[in-house]
Protein chains: 2
Amino acid sequence: MNNELVQYIKTYFGVSNSEDQTKIASFFKLEKLNRGDYFLKGGHVCHKFSFIREGILRVFAYHNGKEVTQWIATPGYFVTDLGSFIFNKEGSWVIQTSTDVELFTIDRSDYVKLIAQVPAWNSLEKLFLVSCFGAMEQRIFQHLSLTAEERYQVFFEANSELFNEVPLHYIASMLGMTPETFSRIRKKRIK
Amino acid sequence: MNNELVQYIKTYFGVSNSEDQTKIASFFKLEKLNRGDYFLKGGHVCHKFSFIREGILRVFAYHNGKEVTQWIATPGYFVTDLGSFIFNKEGSWVIQTSTDVELFTIDRSDYVKLIAQVPAWNSLEKLFLVSCFGAMEQRIFQHLSLTAEERYQVFFEANSELFNEVPLHYIASMLGMTPETFSRIRKKRIK
DNA sequence: GGATTCTCTTGACATTTATCAAGAAATTAT
DNA sequence: ATAATTTCTTGATAAATGTCAAGAGAATCC
């Protein structure tokens with residue numbers, strides 16, 4: 001387990017110092033959730049930051065009474081409501097497991113300790129956030145410059161496995177189209 | 001000048017320690033650009049991070065030979081190609097002034113010194129990035145859940161001054177619609 | 001200050017995407 | 001196993017948005 005987590009930490013934060021790796025890893029605890037459980041309920045403060053070892057979670061919010069999927073979080077990546085976790089304020093998102101899930105989780109009080117005990121942490125986390133920032137810029141750019149069909153294609157090429165793992169209307173929503181449009185694009189592309 | 005910059009630094013990073021404020025401010029230098037100048041040219045590495053004292057810059061990229069505006073940067077905010085600046089790699093964006101501009105600028109070598117001399121910096125910058133991260137999440141959510149007209153309305157309510165300061169087709173592009181659609185929405189709303 | 005370019009609008013029309021309704025297929029619950 | 005629910009597809013139609021073309025007005029250049 002620790003090796004796995006250490007690997008995530010290396011990948012995410014580029015920690016090369018092995019002492020830091022071990023120290024950072026020691027703050028995270030294995031957490032299991034059942035399918036359908038909430039990682040974060042609407043209107044609550046998010047007190048956890050987790051790497052996903054196994055399983056899938058969906059980040060969404062309501063708009064006009066409908067669920068709009070903002071992101072689908074998969075193994076090897078992290079999950080949290082970042083603003084809520086860092087600033088200890090009410091979250092913007094609902095986060096729910098879509099399958100049974102295994103996480104490496106740190107809660108806020110341990111996170112505070114981690115920052116105190118690993119001086120490099122803030123720098124590492126900053127670099128990590130800059131990477132995320134760039135990914136979000138690209139995602140916005142796609143909405144400014146691509147059609148629904150092109151967004152489908154780009155996403156499919158990078159995430160084809162996911163299409164067998166979650167209801168497709170989650171992906172449709174995350175790409176900013178209705179399930180019907182999504183279905184018609186698929187039909188066209190399979191021919 | 002310094003007071004102004006110190007104010008930005010307080011606003012952005014929530015620095016309360018006045019010694020840090022002064023120290024941070026001392027690394028930034030006033031830079032003036034003329035209208036039409038490039039802050040960052042396509043394919044180059046971005047070696048600056050700047051607060052905007054006066055004027056407007058546009059962040060864009062090309063798609064199918066057309067300029068797509070990703071962001072319009074205004075006074076009181078910052079401008080850079082973050083991933084390029086931090087990781088010293090080729091930028092994703094072109095950044096061009098839309099008016100004459102006055103900036104408080106730090107270049108990469110001074111940025112390295114700043115990090116070394118102000119221990120709190122990484123932590124401050126991290127918090128700043130988390131805020132930006134949340135803003136981008138919201139922007140994506142708007143593309144998933146709002147129509148062009150609704151995006152217009154939300155943006156107009158928060159940024160009405162901007163509509164007198166830049167060509168409207170920049171704003172149209174940034175909101176993910178054509179200038180024609182933008183124009184028709186305006187017509188409808190003015191009545 | 002006249003020419004040129006850029007900006008914005010408008011109309012006609014095409015295309016994309018959403019909506020509504022229905023049903024088949026798959027999954028889940030009892 | 002059966003029923004209930006969810007997921008996915010399909011068709012018909014409506015609405016939103018894009019494209020192309022033209023022109024008026026404003027800003028900019030020489």
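In this predicted model, R35(A) reaches right up to the DNA backbone: a polar atom of its side chain sits 2.6 Å from a phosphate oxygen of DNA strand C. Chain B has a backbone link of its own, with a polar backbone atom of H169(B) lying 3.4 Å from a phosphate oxygen of the strand. The bases get some attention too, since an N or O atom in the side chain of R184(B) is 2.6 Å from a base nitrogen of DNA strand C.

Zooming out a little, 16 residues surround DNA strand C, and the ones that come nearest are R35(A), A148(A), T181(A), L168(B) and R184(B). They belong to a surface made up of 4 nonpolar, 6 polar and 6 charged residues. Helix 8 (179–190) of chain A, plus helix 7 (168–174) and helix 8 (179–190) of chain B, each chip in at least two residues. Helix 8 of chain B gives the most, with 4. On the DNA side, sugar or phosphate accounts for 64% of the strand C atoms within 4 Å of the protein, and bases make up the rest.

How do the two protein chains relate? Chain A lands on chain B after a rotation of 180° with 0.0 Å of shift along the axis, at an RMSD of 0.0 Å, so the relation is that of a two-fold axis. Both copies use the same surface, as 100% of the contact residues of chain A recur in chain B.

Within chain B, helix 4 (residues 108–117) packs against helix 5 (residues 121–145) at about 110°, with axes 8 Å apart. Angles of 65 to 115 degrees count as roughly perpendicular, which means this pair is roughly perpendicular. Helix 4 brings Y111(B), L114(B) and I115(B) to the contact, while helix 5 brings W121(B), N122(B) and E125(B). That gives 4 nonpolar residues, 1 polar and 1 charged.

Definitions and conventions. Residues are numbered from 1 along each chain as its sequence is written. Chains are lettered from A and ligands numbered from 1 in the order in which they are written. This is a predicted model: local features need pLDDT of at least 70, side-chain atom pairs count only at pLDDT 80 or more; totals for chains, interfaces and linings use all residues. Side-chain values use heavy atoms; hydrogens and water are left out. Axes are lines fitted to C-alpha atoms, for helices over the stretch in contact, and angles run from 0 to 180 degrees between N-to-C directions. Angles under 35 degrees count as roughly parallel, over 145 as roughly antiparallel, 65 to 115 as roughly perpendicular and the rest as oblique. Contact means heavy atoms within 4.5 Å. Ala, Val, Leu, Ile, Met, Phe, Trp, Tyr, Cys and Pro count as nonpolar, Asp, Glu, Lys and Arg as charged, and the others, Gly among them, as polar. Copies are superposed by least squares on the C-alpha atoms of residues with pLDDT of at least 70 in both. A residue is near a molecule or strand if one of its heavy atoms lies within 4 Å of it. A polar contact is a pair of N or O atoms within 3.5 Å; within protein, one must be able to donate a hydrogen and the other to accept it, and residues adjacent in sequence count only if both atoms are side-chain atoms.
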